[in-house]
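User: I would like to learn how to read charged pairs and nonpolar cores in a model. Could you take me through them step by step?

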Amino acid sequence: MPVAVVDAPPSDEALMARVRADELDCLTGLFERYQGPLFGFLARLANGDRDVAQDLTQNVFVRVLRYRASYQPGQPFRAWVYQMARHVWADHYQRQRQRPTDDLENVEKTAAHGRAAQTQRAAADEHQALHEALALLPAPQREVLVLHRFQGFDYAEIGEQLGCTAGAARVKAHRALDALRRIYLS
């Protein structure tokens with residue numbers, strides 16, 4: 001009886017190498033694989049704002065297409081696309097900080113998050129309270145925790161993205177976790 005050989009789907013790196021070589025249809029496979037995880041990552045950074053996260057996720061893939069020549073074959077695609085997502089988030093965050101009326105709205109939202117977190121803890125909704133506390137962390141600390149705890153990056157990968165050693169990334173994550181604990185337990 002002949003044995004059927006099943007071809008394994010192409011790796012992320014192989015697909016991106018083809019996108020880099022102007023086979024743009026291959027971007028669809030990468031979009032299907034990464035749209036959900038990137039959306040989750042960006043939604044957490046945006047304090048659960050799904051509309052912002054959706055726009056930013058689209059921007060990531062626009063940049064993947066625009067800057068495809070900067071991808072180095074053999075480079076882990078996952079780390080490269082998350083680095084792209086970090087840049088998209090940073091650009092968005094910088095634009096928001098430059099708008100004076102948005103600063104006032106952000107202060108109001110932060111205060112509302114604090115009140116909501118107290119209400120949730122009183123109602124014993126620990127999961128929601130934890131996400132509220134995560135939203136109150138400074139963006140760099142929130143980012144490290146989201147990359148490690150929610151996106152599954154190890155400290156070496158995080159260190160590579162942040163431009164530091166794995167040990168330094170571990171220290172940053174530990175400090176962020178301590179800050180989260182203080183906010184959550186206050």
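Analyst: We will look at salt bridges and then at the nonpolar core, bearing in mind that this is a predicted model.

User: What is the general idea behind a salt bridge, and how many salt bridges does a search of the whole structure find?

Analyst: Side chains of opposite charge can pair when their charged atoms come close. In this model, the search of the whole structure gives seven salt bridges. One of them joins the side chains of Asp12 and Arg33, with an N to O distance of 2.6 Å. That pair links distant parts of the chain, since Asp12 sits in helix H1 (residues 12-20) and Arg33 in helix H2 (residues 27-45), 21 residues apart.

User: Are Asp12 and Arg33 buried or exposed?

Analyst: Asp12 has a relative accessibility of 15% and therefore counts as buried, because the cut-off for buried is under 20%. Arg33, with a relative accessible area of 31%, is partly exposed.

User: Which residues does the salt bridge between helix H4 and helix H3 involve, and what does it tie together?

Analyst: The side chains of Asp91 and Arg63 meet there, at 2.4 Å from N to O. Asp91 belongs to helix H4 and Arg63 to helix H3, so this pair ties together parts that are 28 residues apart in sequence. Here Asp91 is partly exposed at 32% relative accessibility, whereas Arg63 is buried at 19%.

User: Where do Arg68 and Asp22 lie?

Analyst: Arg68 and Asp22 form a salt bridge in which the closest N and O atoms are 2.9 Å apart. Arg68 is in the loop between helix H3 (50-66) and helix H4 (77-97), while Asp22 is in the loop between H1 and H2, and the two residues are 46 apart.

User: Turning to the nonpolar part, which residues have the most contacts inside the largest nonpolar core?

Analyst: In soluble globular proteins, nonpolar side chains tend to be buried together. The largest nonpolar core in this model has 45 residues, and Leu42 and Val60 have the most contacts inside it. Several helices supply at least two residues each, among them H1, H2, H3 and H4, as well as helix H9 (166-185). The largest share, nine residues, comes from H2.

User: Why does this core lie between domain 1 and domain 2?

Analyst: Both domain 1 (10-97) and domain 2 (137-185) give residues to the core, so it lies between them.

User: Which residues does Val60 touch?

Analyst: Leaving aside residues up to four places away in sequence, Val60 touches Leu38, Leu42, Val81, Met84, Ala85 and Val88.

Methods:
Residues are numbered from 1 along each chain as its sequence is written. This is a predicted model: local features need pLDDT of at least 70, side-chain atom pairs count only at pLDDT 80 or more; totals for chains, interfaces and linings use all residues. Side-chain values use heavy atoms; hydrogens and water are left out. A salt bridge is a side-chain nitrogen of Lys or Arg within 4 Å of a carboxyl oxygen of Asp or Glu. Helices (H or I, at least four residues) and strands (E, at least two) are DSSP runs, numbered from the N terminus. Buried means under 20% relative accessible area, exposed over 50%, partly exposed in between (1.4 Å probe, protein chains only). A nonpolar core is a set of buried Ala, Val, Leu, Ile, Met, Phe, Trp, Tyr and Cys residues joined through side-chain atoms within 4.5 Å. Domain bounds come from an automatic or database domain assignment. Contact means heavy atoms within 4.5 Å.
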